[in-house]
Amino acid sequence: RARYGLVAVWAVSFLLCAERSSSAAECNQGDVRLEGRGGTVGQGRVEVCDSNAWWRVCKDQFGTAEASVVCRQLGFSENGIRMAPGSYFGDPGHGPILQMSCSGNEQRVSNCSLQPSFNHSCTSLELAGVLCEALNFSCGEGDVRLVSGRTRYEGRVEVCRSNTFGTVCNDLSWGSEEAQVVCGQLGYNITAPNEACSYGDVRLVNGRMPSEGRVEICFNGNWGTICHYGWSQANAAVVCNQLGYPSEGAIPIVFGNFGPGDSYLFLSDVSCLGNESSLLDCYHPSDIGTALFCTHNIDAGVICADPSFNCTNGDVRLVNGITPHEGLLEICYGNHFGTVCQFGFGQTEAAVVCRQLGYNGYAIGLWGAPFGNGRGLVHLRNVQCQGNESSLLLCDHAPIDANTNCLHSQDISILCAGNRSSCIDGDLRLVGGPDRQSGRVEVCFSGVWGTICDNGWNDNDATVVCRQLGYPTKGAIALSSAYYGEGKGIYHLSERGAM
């Protein structure tokens with residue numbers, strides 16, 4: 001079945017490419033099409049034909065009314081429409097951009113207001129995309145769904161009313177209890193936010209991996225946070241040791257850099273010597289639960305040394321993006337990934353990052369953390385590149401330390417364009433999986449990606465792959481028999497033999 005599926009997808013892609021090539025020169029006034037990766041029917045970046053050319057649409061004025069007209073003209077349902085940034089559908093390509101404004105009742109986009117935006121600076125994050133539903137779409141009153149998440153179990157909450165999905169306002173009444181109801185309705189296992197715990201237990205919350213996060217401590221069966229006043233390396237060492245990590249290399253995190261807690265605030269001004277077996281054995285001047293003059297915006301956190309994780313100083317990656325060529329910039333230093341402050345960061349610096357990642361097109365640095373705030377350390381600030389550096393870490397920058405005076409709301413994000421025209425021998429990637437941490441393993445040799453035969457493939461091999469890709473190795477699982485679909489091209493390795 002997988003083989004036939006691959007043949008079908010290849011054939012559709014080939015036909016779509018041929019159609020675009022033959023029709024690129026002309027189009028009919030007022031036509032609309034959905035373009036982008038995957039060729040999924042009813043989904044894509046919105047493009048409108050005007051003056052015999054295809055125009056991309058900026059999302060500034062593009063809302064439910066405009067999306068409804070697009071889906072209606074293409075023969076899809078007016079219910080259940082979802083909008084997505086143009087970057088969700090891959091490389092935005094090139095061409096003119098227009099602004100589109102509709103009332104929502106029009107039968108065709110040509111009846112809407114279409115205004116050229118020659119001077120409008122739209123990146124791929126600012127182009128409009130839609131996901132239309134089939135003509136016979138319907139939803140049950142009160143149905144819920146999660147939209148635009150990176151996995152099926154996260155995303156924006158939408159609820160069905162009168163056969164149409166709509167959003168839920170994030171006002172002061174929305175909290176963990178409401179989230180539990182949604183997750184339960186969707187069939188997920190629910191764990192109460194204050195699950196049973198033992199007095200003095202500690203845990204790390206909201207980290208990118210188990211060895212880091214906001215510190216929470218258990219008191220009277222409830223989890224609560226710790227104020228960052230007096231938070232030190234010795235405190236972090238005690239927490240890491242209590243959790244089974246080495247106390248050496250523990251890093252204290254302040255200013256709520258792993259996000260604010262949403263429940264109790266138990267402790268403040270904790271002072272440890274570093275040899276205590278439990279955080280509650282450390283000195284704290286006030287009773288538990290009486291942390292005065294503190295808010296969750298300054299909850300304490302830690303980053304523990306994780307022997308199963310490894311990255312090389314200067315490695316860069318983009319996270320939280322919908323596509324691999326965009327996202328929040330993180331750089332490795334001291335075997336920990338951290339973010340880069342936006343101040344002083346421009347197109348020259350972005351170009352160095354994109355080239356380091358193997359992209360050969362234009363590069364844009366995006367201020368204001370459009371892909372969400374980072375977590376943990378801010379490694380770099382005041383980065384200044386000449387433009388010819390092979391690594392961002394080779395550029396001039398302020399000294400690297402744990403206190404850069406830069407907030408995560410000021411993290412830089414990157415948008416790269418162009419193709420990764422080649423790869424470096426020995427590079428690995430995961431393809432065809434539901435997320436970035438899983439997929440068919442492919443290895444680079446002589447600038448060409450190829451697959452690995454599963455003869456002799458086991459969990460030890462999977463551990464090496466996860467380590468090389470920068471993921472924790474604990475729990476790495478080897479899968480065989482083309483679990484994530486058959487690859488194309490050549491085999492580079494068999495039974496871990498020579499290439």
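User: Helices are DSSP runs of type H or I with at least four residues, numbered from the N terminus. In this predicted model, which residue follows H5, with a phi that is positive?

Analyst: Helix H5 covers residues 347-356, and the residue to look for comes after this helix and has a positive phi. The phi in question is near 100°, and the residue that takes this value after H5 is Gly-358.

User: Which strands do the buried residues of H5 pack against?

Analyst: Buried means under 20% relative accessible area, and in H5 the residues that count as buried are Glu-349, Ala-350, Val-352, Val-353 and Cys-354. These buried residues of H5 pack against three elements named by their residue ranges, 326-333, 363-366 and 413-416, which are strands E18, E20 and E22.

User: How many of the 10 residues of H4 are buried?

Analyst: Helix H4 spans residues 233-242 and is mostly covered. The buried residues of H4 are Ala-234, Asn-235, Ala-236, Ala-237, Val-238, Val-239 and Cys-240, and what covers them includes strands E11, E12, E14 and E16. Of the 10 residues of H4, the number that are buried is 7.

User: What phi does Gly-244 take just after H4?

Analyst: Gly-244 comes just after H4, the helix whose buried residues include Ala-234 and Cys-240. The phi of Gly-244 is positive, at about 95°.

User: How many disulfides does a search of the whole structure find?

Analyst: Among the pairs are Cys-139 with Cys-160, Cys-227 with Cys-294, and Cys-272 with Cys-282. These are examples from a search of the whole structure, in which the total number of disulfides found is 12.

User: How many residues apart in sequence are the parts that Cys-139 and Cys-160 tie together?

Analyst: A disulfide joins Cys-139 to Cys-160 with an S to S distance of 2.0 Å, and with 75° about the S-S bond the link is right-handed. Cys-139 is in the loop between strand E7 (128-131) and strand E8 (144-147), whereas Cys-160 belongs to strand E9 (residues 156-161), so the pair ties together parts whose separation in sequence is 21 residues.

User: What relative accessibility does Cys-160 have?

Analyst: A residue counts as buried under 20% relative accessible area, and Cys-139, at 13%, therefore falls in this class. Cys-160 counts as buried too, at a relative accessibility of 0%.

User: Is the disulfide of Cys-227 and Cys-294 left-handed or right-handed?

Analyst: The sulfur atoms of Cys-227 and Cys-294 are 1.9 Å apart. The pair links distant parts of the chain, 67 residues apart, with Cys-227 in the loop between strand E13 and helix H4 and Cys-294 in the loop between strand E15 and strand E16. Both cysteines are buried. The torsion about their S-S bond is about -75°, so the disulfide is left-handed.

User: What is the torsion about the S-S bond of Cys-272 and Cys-282?

Analyst: Cys-272 and Cys-282 are joined by a disulfide, S to S 2.0 Å, and each of them lies in the loop between E15 and E16, so the parts tied together are 10 residues apart in sequence. Cys-272 counts as buried at 9% relative accessibility, and Cys-282 counts as buried at 3%. The disulfide is right-handed because the torsion about its S-S bond is about 105°.

User: Does Cys-453 count as exposed or partly exposed?

Analyst: Exposed means over 50% relative accessible area, and the class between this and the buried limit of 20% is partly exposed. Cys-169, at 57% relative accessibility, therefore counts as exposed. Cys-453 has a relative accessibility of 21%, so this cysteine counts as partly exposed.

User: Which residue in the loop between helix H6 and strand E26 has a positive phi near 55°?

Analyst: Most residues other than glycine have a negative phi. Asn-220, which is not a glycine, has a positive phi of about 55°, but its place is in the loop between strand E12 and E13. The residue in the loop between helix H6 (459-468) and strand E26 (491-493) is exposed, with a relative accessible area of 62%. This residue, with its positive phi near 55°, is Ser-481.

User: What share of the contacts between residues at least 6 apart joins residues at least 24 apart?

Analyst: The chain has 6 helices and 26 strands, and 43% of its 499 residues count as buried. Among contacts between residues at least 6 apart in sequence, the share that joins residues at least 24 apart is 66%.

How values were computed:
Residues numbered from 1 in each chain as written. Predicted model: local features only at pLDDT ≥ 70, side-chain atom pairs only at ≥ 80, totals over all residues. Heavy atoms only, no water. Disulfide = S-S within 2.5 Å. Helix = DSSP H or I, 4+ residues; strand = E, 2+ residues; numbered from the N terminus. Buried < 20%, exposed > 50% of the residue type's maximum accessible area, 1.4 Å probe, protein only. Contact = heavy atoms within 4.5 Å.
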